[in-house]
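Here is a short report on side-chain contacts, cysteines and backbone details. Keep the sequence and the model open while reading.

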Amino acid sequence: MKYIASISFGKDSLAMLIKIKELNLPLDEVFYVDIRFDNEPYSGEMPLMKEFIPKAKKILKEKYNIEVKDVKSKITFKEQFYTIKQRGNHIGDNYGFPYVIGAWCNSRLKMDPIRDYLKKFNEPVIQYVGIAYDEPERYARLNHDTHIAPLFDLKITEHEAMEICKENDLLSPIYDTSFRGGCWFYVKQSINQLKNLYRNYPELWNKLKDLEKDSHNTFKPNMTLSQLEQRFKNEKKQLSIFDLES
């Protein structure tokens, strides 16, 4: 039996690793799925997380003797975006942005490389996953024959996981601007996360706008990025007026 931990470098997965080591639980390998926008390592991560990952890897190695292996898809987000569809709807068009339901990015860029990685083991595998105690719905969906959620079993909440990471210098600076991380081109991210992208990372925002010109569907259902941009500008104007009147 092999015990493998899948991590995202977010607070829950890193707190999970810390607890695994503190409790001396079996751990054979740790891997991270590098969902890339292009061929550059960690290019799918928000800039703050992109800078944090190498630092976190170093701390894990030096403090806990944990080496994190990078697992990546054979294709990048941008390459799949421009791949021509051979079946289904929009045959002859490029794939374009993933739909919110049944997003191709999850299967092609995340689940496929995980399956390929796990195939190398010629024995049963148990995966550790970072699900906190205040995520009962995620925990209920787990296959408990093949997965273990130490944080949930220890009744550690998301807030407590954050404190554990902070105490061990393993809290990503991404949480200074957002409670959740994730790919900057993730179609399911909230409007507030997109607002943060527009205001603080215009280069990445413009990359999305350039892609939208070549997509048969918009990034958000029934709403273009230009429309979202105008909405953000209007909100900023309203706040400015409010400040002047206060």
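Phenylalanine 152 is buried, at 15% relative accessible area. The model is a predicted one.

**Aromatic contacts**

Phenylalanine 152 has a ring partner in tyrosine 139. The two ring centres are 3.7 Å apart and the planes meet at 10°, so the pair is stacked. Planes under 30 degrees apart count as stacked. The partners are 13 residues apart and link distant parts of the chain. Tyrosine 139 belongs to helix α5 (residues 136-141), and phenylalanine 152 to helix α6 (residues 150-153).

Across the whole structure, the search finds 21 aromatic pairs. Ring pairs also build a cluster, with Phe37, Phe77, Phe81, Tyr82, Tyr95, Phe97, Trp104, Trp184, Phe185 and Phe219 as its members.

Two cluster members deserve a further look. The ring of tyrosine 95 has the charged end of lysine 85 over it, 5.4 Å from the ring centre. Phenylalanine 97 lies in the loop between α3 and α4. Phenylalanine 97 is buried, with 0% relative accessible area. Its C-alpha is 8.0 Å from that of histidine 216, although 119 residues separate the two in sequence.

**Cysteines**

How many disulfides are there? The count is zero. For cysteine 105, the closest cysteine sulfur is that of cysteine 183, at 7.5 Å, which is too far for a bond. The cut-off for a disulfide is 2.5 Å between sulfurs. Cysteine 165 is in no disulfide either; its nearest cysteine sulfur, also in cysteine 183, is 19 Å away. Cysteine 105 is buried, at 11% relative accessible area. Cysteine 165 is buried too, at 0%.

**Salt bridges**

The structure holds 18 salt bridges. Three of them are tabulated here.

| Acidic residue | Basic residue | Closest N to O |
|---|---|---|
| glutamate 22 | lysine 19 | 3.0 Å |
| aspartate 112 | arginine 115 | 2.6 Å |
| aspartate 116 | lysine 119 | 3.8 Å |

Glutamate 22 and lysine 19 are three residues apart in helix α1, so about one helical turn separates them. Aspartate 112 and arginine 115 show a like spacing in helix α4: three residues, about one turn. Aspartate 112 is partly exposed, at 28% relative accessible area. Arginine 115 is partly exposed as well, at 44%. In the remaining pair of the table, aspartate 116 counts as partly exposed at 38% relative accessibility, while lysine 119 counts as exposed at 62%.

Salt bridges also form a network, which links Lys11, Asp12 and Glu158.

**Surface patch and backbone**

Leu23, Leu25 and Leu154 make up a nonpolar patch on the surface. Together they have about 230 Å² of accessible area. Leucine 154 sits in the loop between α6 and α7 (158-167). This leucine 154 is partly exposed, with 38% relative accessibility.

Which residues other than glycine have a positive phi? Asparagine 24 is one of them, with phi of about 55°. Asparagine 24 is in the loop between α1 (11-22) and β2 (29-33). At 69% relative accessibility, asparagine 24 is exposed.

Histidine 90 is another, with phi near 65°. Histidine 90 lies in the loop between α3 (77-81) and α4 (104-118). Histidine 90 is partly exposed, at 35% relative accessible area.

Key
Residues numbered from 1 in each chain as written. Predicted model: local features only at pLDDT ≥ 70, side-chain atom pairs only at ≥ 80, totals over all residues. Heavy atoms only, no water. Phe/Tyr/Trp six-rings, centres within 6.5 Å; stacked < 30°, edge-to-face > 60°. Helix = DSSP H or I, 4+ residues; strand = E, 2+ residues; numbered from the N terminus. Buried < 20%, exposed > 50% of the residue type's maximum accessible area, 1.4 Å probe, protein only. Lys NZ or Arg CZ within 6 Å of the ring centre and 35° of its normal. Patch = residues over 30% accessible without salt bridge, like charges linked within 9 Å, V, L, I, M, F, W, Y side chains within 5 Å. Areas by Shrake-Rupley, 256 points an atom, 1.4 Å probe, with all protein chains shown as cover. Salt bridge = Lys/Arg side-chain N within 4 Å of Asp/Glu carboxyl O.
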